[in-house]
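Me: I am new to this structure. Please explain the terms used for its parts.

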Amino acid sequence: LSQQNWLGGSGQEDFVNSSKYFFDDGNVDISNGDVRLIKGGNLSGYLISSTFDTGTVESSYTTLTWQPTSQSYGDEVKFQLSANNDNETWNFVGPDGTASTYYTVPGTPIDSFLNNKRYIRYKGFLSTEGGSTPVFTSVNINYVSGCFTPGQAFFPGLSFAEEYKATVS
């Protein structure tokens, strides 16, 4: 799941238009297509993505990454995730499964407590000590559905008594 453009603005519940998102607190600027704090505005702000639908409850979320991977001194970009099966209950949490922690390093593994959930959203937080403007230009949530290990295949309902032939191309 990936997003690199937010020019479409807020108000989109489900991720259909890749340049739109669900909500922001009014303290972010998306006019360049990326997400940054409004210059001269508050010292913090946040944005909540639209809902990404993986299509199955057999989803395993692996890593959360974003760009750029580093910020200017005194600036911070951090994230929380929320996943569910009802597309209504959004409780954002960090890497230990609580609302008091945040993903602060791109590429951090996503803990298994979010697995087996069909719908997922991210919440991106920006803050500064006033020196410059934190920004993120892309967000990626890596996941695997159905087959839990990339590169493997699963064929349900096969019998050990039968002989099968598989052709891979």
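The turns below go through some strands and one residue.

Reply: This is a predicted model, where local features need pLDDT of at least 70, side-chain atom pairs count only at pLDDT 80 or more, and totals for chains, interfaces and linings use all residues. Residues are numbered from 1 along each chain as its sequence is written, and side-chain values use heavy atoms, with hydrogens and water left out.

Me: Why is Gln 80 called buried?

Reply: Buried means under 20% relative accessible area, exposed over 50%, and partly exposed in between (1.4 Å probe, protein chains only). Gln 80 has 4%, so it is buried.

Me: What makes the link between Gln 80 and Ala 99 a polar contact?

Reply: A polar contact is a pair of N or O atoms within 3.5 Å; within protein, one must be able to donate a hydrogen and the other to accept it, and residues adjacent in sequence count only if both atoms are side-chain atoms. A polar atom of the Gln 80 side chain lies 2.9 Å from the backbone oxygen of Ala 99.

Me: Where is Gln 80 placed?

Reply: Gln 80 belongs to strand S8, residues 75-84. Strands (E, at least two residues) are DSSP runs, numbered from the N terminus. In S8, nine of the ten residues are buried.

Me: How do you know that S8 and S10 pair?

Reply: Two strands pair if DSSP finds at least two bridges between them. Ten bridges join S8 to S10 (residues 119-128), and the two run antiparallel. Asp 75 stands opposite Thr 128 in S10.

Notes: Helix = DSSP H or I, 4+ residues; strand = E, 2+ residues; numbered from the N terminus.
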